[in-house]
Amino acid sequence: MNAAPATLTRGQVRLVLFALAMGGFAIGTTEFAAMSLLPYFAATFGITEPMAGHAISSYALGVVVGAPVIAVLAAKWPRRKLLLALMACFAVFNVMTALSPTYGMMVVFRFLSGLPHGAYFGVAMLVAASLVPPNARAQAASRVLIGLTIATIIGVPVATWMGQALGWRVGFGIVGVLALLTVLLVSIFVPRDEPIVGASMMRELGALKRPQVWLTLGIGAIGFGGMFAVYSYLATTLVDVTHVEPGVVPIVLMVFGLGMTIGTFVAAWLADRALMATAGGLLVWSAFWLAVFPFATGNIYAVSFVVFMIGCGGALGVPLQTRLMDVADDAQTLAASLNHSAFNTANAIGPWLGGLAISYGYGWSSTGWVGAVLAVGGMVFWVISVVTDPKHGQHVRHHLPQAAPGE
């Protein structure tokens, strides 16, 4: 398809969104499956599990570093071309992870695998939003994120099972195949485009001068940390506190993914009608259910219900992504990519603080209290953002920079 976005039919738009979501599915699978495969590659390399956890941190560091750097350096690239390059690199580095002969090499390739993560999501969501009217941007962007949430329901369990049955290397190899499939789908369905007129490194860096950009990133970096504080220790909490069999753990993790998927659909619909109110509501929702979590861990049915509700709060990424489109002005790519750097910052802060609470003797369930405090911290940034916004956080741009049609 070489048509301009404005000429695409509804069916063609859906195919574009499906292609973009496949990339999200691949990214979500490797990000979460790596945690469940950790004991297996630790055994292969003869290292402790805490040391093997450095491979997880290395990937997150790659996301934090790669998102802004790639967004700035590739400012003049057509978005379709950038998406293809990012997914091709993602495929190669995941395959190289699977083939790593030493643990040190694996850590390096996990870092390299993380580099395209944030930039891909940022650019893919901008492409998705460019295909629909302004009042449907959040729903379009959410379709890309749906790929990641569905990965927590399908991709992660399948990759984990195959990794357990056939070896952990197969789990990472599957991600490489999914990334190559994304390259194929994007090349077929995403329209060709030209670089944004006037795009440059300096214009993208201009996003860093805008306080509302930093405040929005603060909401994600702190407020989203609560979910990760609980999720990172959920498996151990279920086994040691709820006293379930290990085989039950993947089912509860799927319940979490189901909650995130449903929450993303609902939050996208609400965000297109009341953007900042939706973000604030999700923070309140998360704070409440995270605070309830410690009281529910004694019963498998109660904790499963609460985990589902916490998963719904994971939809916070949708309104924040759309908010960044509003406040970034003409520095769209960098701002959109930084959103995922913020979430991976949350992925570092949440587990770290949760681990501190556990190490100080407050128990595995205390991660819920830590999460609730982080959600409240995100609300502080939200309040400041709303109060300091001249239009009280409800500004919606009716014109976003669009890629010029290709030939």
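Two residues are in contact here when they have heavy atoms within 4.5 Å of each other, and this cut-off is used below for a structure that is a predicted model.

**Exercise 1. Describe helix α12: state what length it reaches, which of its residues are buried, and what covers them.**

Step 1. Helix α12 runs over residues 249-271, which makes 23 residues, and from its first C-alpha to its last it reaches 32 Å. The span expected at 1.5 Å a residue is 33 Å, and the helix comes close to that value.

Step 2. A residue counts as buried when its relative accessible area is under 20%. In α12 the residues that meet this condition are V249, V252, F256, G257, G259, M260, T261, G263, T264, A267, A268 and A271.

Step 3. To read such a list, it helps to know that an α-helix has 3.6 residues a turn, so residues three or four places apart point the same way. Among the buried residues of α12, look for this spacing in V249, V252, F256 and G259.

Step 4. The cover over the buried residues of α12 includes α6 (137-166), α10 (225-231) and α11 (234-240), together with α13 (275-296), α14 (300-313) and α15 (317-327).

**Exercise 2. Find how many cavities of 30 Å³ or more the structure holds, and describe the lining of the largest cavity.**

Step 1. There are six cavities of 30 Å³ or more, and the largest has a volume of about 210 Å³.

Step 2. Its lining consists of 16 residues, and those nearest the centre of this cavity are L145, L148, F224, F228 and F343. Two or more lining residues come from each of α1 (10-45), α5 (103-130), α6, α10, α12 and α16 (332-359).

Step 3. Sorted by class, the lining of the largest cavity has nine nonpolar residues, six polar residues and one charged residue.

**Exercise 3. Describe the largest pocket and the second largest pocket by volume and by lining.**

Step 1. The largest pocket has a volume of about 1,300 Å³. Of the 34 residues that line the largest pocket, M35, S36, L38, S232 and Y233 lie nearest its centre, and the elements that each give two or more residues to this lining are α1, α2 (49-52), α3 (54-73), α6, α11, α12 and α16. By class, the lining of the largest pocket divides into 24 nonpolar, nine polar and one charged.

Step 2. The second largest pocket holds about 330 Å³ of space. It is lined by 13 residues, with R10, V13, R14, L17 and V132 closest to its centre. Helix α1 gives the largest share of this lining, four residues, and the lining divides into eight nonpolar, two polar and three charged residues.

Technical notes. Residues numbered from 1 in each chain as written. Predicted model: local features only at pLDDT ≥ 70, side-chain atom pairs only at ≥ 80, totals over all residues. Heavy atoms only, no water. Expected span 1.5 Å × (residues − 1). Buried < 20%, exposed > 50% of the residue type's maximum accessible area, 1.4 Å probe, protein only. 1 Å grid on protein atoms, 1.4 Å probe; cavity = no way out; pocket = protein on both sides within 12 Å on 5 of 7 lines; lining within 4 Å. Points joined across faces, edges and corners; volume = space filled by probe spheres on them. Nonpolar A, V, L, I, M, F, W, Y, C, P; charged D, E, K, R; others polar.
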